[in-house]
Amino acid sequence: MGKKKQFYEEYDALFIKPKPPKKKKRPFLSLWQRANKAPVLSTKKQAQQPSKKNSNLNRRTHTQTISKKWAIILPIGFLLMILVIVYASNHSEIFSDDYEDDYSDYVDVYPLQEAGIKRTGTVDVSQPLVATLDDPTIYFNKGYKIEIKGDVDIEQHEEELSVLPTNGDYPSITSIASLSFYSGRDYLRSVNMSMSGNLAASISRYLQVSKGDDLFSKAYPQESLDDVQTGYVVNYEKESSYIYLSIQRYFMFPDGTGVWLETYSTSDQETELTPDDSFKEIKKAYREDFEFLEDNFLLTTDNSADQ
């Protein structure tokens, strides 16, 4: 029996689970202790981890280096900023002065106004100036017409040719036509014809004062046809050895509306002019140009307007 019991005990021992090892109790730590508990490093990691003392020393050295750099950079940057402000301030005055000087060197010139040419009637905005082109004649609703002579091609610019009379400085302007003149179909010159609601304010030039007598625009009134004032405007410019001359012939109706023609001189003999020259002297120097405008544009009364 003793051997049989021993056999059963050894047999049962094969199926009995070993008891688990007892857990070690971890010491209780408060939240403050957990937050401030230093991590446990292995000996190898401790060797690789720099000491706190060396880390603080390196940090202080790095901070001192940055501070020294900023101590140099900030004054230099501040100085550069002052220099930029001073430079911009000085040069803005220079640029401003240059702009003002350039601007003050130019002036708007109104030759008809300077010659004392004014409307002789009243302004009625219900009575526009209307032109009708019936090649080669242009009729105006003011009781006048301009007959165009010579071998000419006329190109009308606008379908409706009309402007309203005004006292304003910026009147409406309508381009009537471009005219090309020929001699035996050889091209001679071109003429532009325009109309304005205030002729005295429309004929103008933007002139450079510093050029003196080498640049001027001046009106020369001529004999009126009934109540229509007529005359010429000479625009002269001398640039080095070249002379540029344009001539305008104008017709002003009593209400201030009007028409003008403009052409450039084609004279082979360029003659120097001054604002003090008389119209007789200017006309003699550029006789062909004035004769062309007189012979090829004839202003007459339109008798058909009364019918």
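## A guided tour from the core outward

Begin by selecting Phe140, Ile176, Leu179, Val259 and Phe297, which touch the most other members within the largest nonpolar core, a set of 40 residues. Please keep in mind throughout that the model on your screen is a predicted one. As background to this stop, nonpolar side chains in soluble globular proteins tend to be buried together.

Which residues is Val259 in contact with, once its neighbours within four places in sequence are left aside? Keep Val259 selected and add its partners, among them Leu129, Phe140, Ile146 and Ile176, then Met193, Ser194, Met195 and Leu199, and finally Arg249, Tyr250, Phe251 and Phe253. Next, select Val233, Tyr250, Met252 and Trp260, which are included in a second, separate core of ten residues.

Now zoom out to the whole chain and colour it by secondary structure, where you can follow eight helices and 14 strands. Of the 307 residues in the protein, 29% are buried. If you consider the contacts with a separation of 6 or more, 61% of them are between residues 24 or more positions apart.

**Helix 8**

Select residues 287–296, which form helix 8, and pick out its buried residues, namely Asp289, Phe290, Phe292, Leu293 and Asn296. Where do they sit when you turn the view to look down the axis of helix 8? They fall within an arc of 155 degrees, so the buried residues line one face of the helix. It helps to remember that an α-helix has 3.6 residues a turn, so residues three or four places apart point the same way.

Stay with helix 8 and select Glu294 together with Lys283, since these two form a salt bridge in which the closest N and O atoms are 2.9 Å apart. Lys283 belongs to helix 7 (residues 279–285) while Glu294 is in helix 8, and the pair, eleven residues apart, links distant parts of the chain. Lys283 is partly exposed at 29% relative accessibility, and Glu294 is partly exposed at 30%.

**More salt bridges**

The structure holds nine salt bridges, and two further examples are worth a visit. In general terms, side chains of opposite charge can pair when their charged atoms come close.

Select Lys142 and Asp255, whose side chains meet in a salt bridge with an N to O distance of 2.9 Å. Lys142 is found in the loop between strand 3 (137–140) and strand 4 (144–148), whereas Asp255 is in the loop between strand 12 (242–252) and strand 13 (258–264), 113 residues apart from its partner. Is each partner buried or partly exposed? Lys142 counts as partly exposed, at 25% relative accessibility, but Asp255 is buried, with a relative accessible area of 7%.

Move on to Glu239 and Lys211, which form a salt bridge with their closest N and O atoms 2.6 Å apart. Because Glu239 lies in strand 11 (residues 228–239) and Lys211 in the loop between strand 9 (205–208) and strand 10 (215–225), the pair ties together parts that are 28 residues apart in sequence. Add Glu237 to the selection, and you have a network of salt bridges that links Lys211, Glu237 and Glu239.

**The surface**

Finally, switch to a surface view, in which the protein exposes about 21800 Å², with carbon and sulfur atoms supplying 53% of that area. Select Ile72, Ile76, Leu79, Leu80 and Leu83, which form a nonpolar patch on the surface with about 500 Å² of accessible area together. To place the patch on the chain, look for Leu83 in helix 4 (residues 52–104).

How values were computed: Residues are numbered from 1 along each chain as its sequence is written. This is a predicted model: local features need pLDDT of at least 70, side-chain atom pairs count only at pLDDT 80 or more; totals for chains, interfaces and linings use all residues. Side-chain values use heavy atoms; hydrogens and water are left out. Helices (H or I, at least four residues) and strands (E, at least two) are DSSP runs, numbered from the N terminus. Buried means under 20% relative accessible area, exposed over 50%, partly exposed in between (1.4 Å probe, protein chains only). Contact means heavy atoms within 4.5 Å. Accessible areas come from the Shrake-Rupley method with a 1.4 Å probe; for residues, only the protein chains shown count as cover. Patches are made of residues with over 30% relative accessible area and no salt bridge: like charges are joined within 9 Å, nonpolar side chains (Val, Leu, Ile, Met, Phe, Trp, Tyr) within 5 Å. A salt bridge is a side-chain nitrogen of Lys or Arg within 4 Å of a carboxyl oxygen of Asp or Glu. A nonpolar core is a set of buried Ala, Val, Leu, Ile, Met, Phe, Trp, Tyr and Cys residues joined through side-chain atoms within 4.5 Å. The arc is that of the directions from the helix axis to the C-beta atoms.
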